[in-house]
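Visitor: I would like to go through this model with you step by step, beginning with its overall form and ending at its surface.

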Amino acid sequence: YNRTHPLSGERIAALEYVLQKSPYWGRGADPALQARYQRLRAKLIGYVSEPKDTLKAYPLSDTRPPARVARAYAFHKMAEPDKALAELDALLLATPRDPYLLEMKGQILLESGRVDEALPPLRLAVAAANNEPLIAGMLGHALVQSAERSGNPATFAEAEKVLRTALARDVDNPFAWLQLETVYERRGDKPRLALATAERLTLTGGSPVAALNAATVASQGLEQGTPEWIRAQDIMQLSRNRAEDAREKKGRR
């Protein structure tokens, strides 16, 4: 037992002996990585904490990037978007193409009802982040909201393109499928609306019967042999299996 279960002090000494041979021993954290970590930490604190607690941890006198990011979320949660945007704009002066700052700016504008103002920073964020799916999904949402207000078919077309590109990289995004449902509904494209609904229901654990019905409608309206038609067949079979499993589980109770 003593040979296979050394005391804690011996384990620590053995680990230190190995680590001290590393060229990174005693050098401390990489400053660039530490800066990214502190900003991420501040963003999470601002997002989950009560604004008063965030402002206490990051007072106005603190002008470091992490503090500004945290306060931006705090002010946003306090329904003071101009103060939140001022914090982000101060950071964007130094790094105007930072995709995550641009995303935050677009999110704050969008959630404050300033939909059209949110589009430029979100477009820049998507471009700077190489079409990162979650950021693209937010842009798609903003485009749908803008198109709903204006009725502009070109904006709906851009929303569809952005959302389909995002889903090509991350198909497991029910929010993006929900936005596509709106696009197809406004266009009157019932088969693709049904397919998007079936995708969303499948991802969110919705009723397998509802998913089966939606996939069936899609299958009947889409051209046979196309990727979308094949996907509808897959969802139909998956939904049948899930419905059967649910019936069997209910019968065993």
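Visitor: What radius of gyration does the chain have, set beside that of a compact globule of 253 residues?

Guide: This is a predicted model, and every value here is computed from it. For a compact globule of 253 residues, a radius of gyration near 18 Å would apply. The C-alpha trace spans about 65 × 60 × 35 Å along its principal axes, and the radius of gyration of the chain is 25 Å.

Visitor: How many helices and how many strands are there in the chain?

Guide: Read along the sequence, the pattern is α-α-α-α-α-α-α-α-α-α-α-α-α. The count for the chain is accordingly given as 13 helices and, for strands, zero.

Visitor: Is K249 buried, partly exposed or exposed?

Guide: K249 lies in helix α13, which covers residues 227–252, and belongs to a positive surface patch together with K250, R252 and R253. Buried means under 20% relative accessible area and exposed means over 50%. Because its relative accessibility is 48%, K249 counts as partly exposed.

Visitor: Which residues form a nonpolar patch on the surface?

Guide: One member, L15, lies in helix α1, which is made of residues 8–19. Together the members of this patch have about 300 Å² of accessible area, and they are L15, L19 and W25.

Visitor: What percentage of the residues of the chain count as buried?

Guide: The cut-off for a buried residue is a relative accessible area under 20%. Of the 253 residues of the chain, the part that counts as buried is 38%.

Terms used
Residues numbered from 1 in each chain as written. Predicted model: local features only at pLDDT ≥ 70, side-chain atom pairs only at ≥ 80, totals over all residues. Heavy atoms only, no water. Patch = residues over 30% accessible without salt bridge, like charges linked within 9 Å, V, L, I, M, F, W, Y side chains within 5 Å. Areas by Shrake-Rupley, 256 points an atom, 1.4 Å probe, with all protein chains shown as cover. Salt bridge = Lys/Arg side-chain N within 4 Å of Asp/Glu carboxyl O. Lys, Arg positive; Asp, Glu negative; His and termini not counted. Charge placed at Lys NZ, Arg CZ, Asp CG, Glu CD. Helix = DSSP H or I, 4+ residues; strand = E, 2+ residues; numbered from the N terminus. Buried < 20%, exposed > 50% of the residue type's maximum accessible area, 1.4 Å probe, protein only. Rg over C-alpha atoms; globule rule 2.2 N^0.38 Å.
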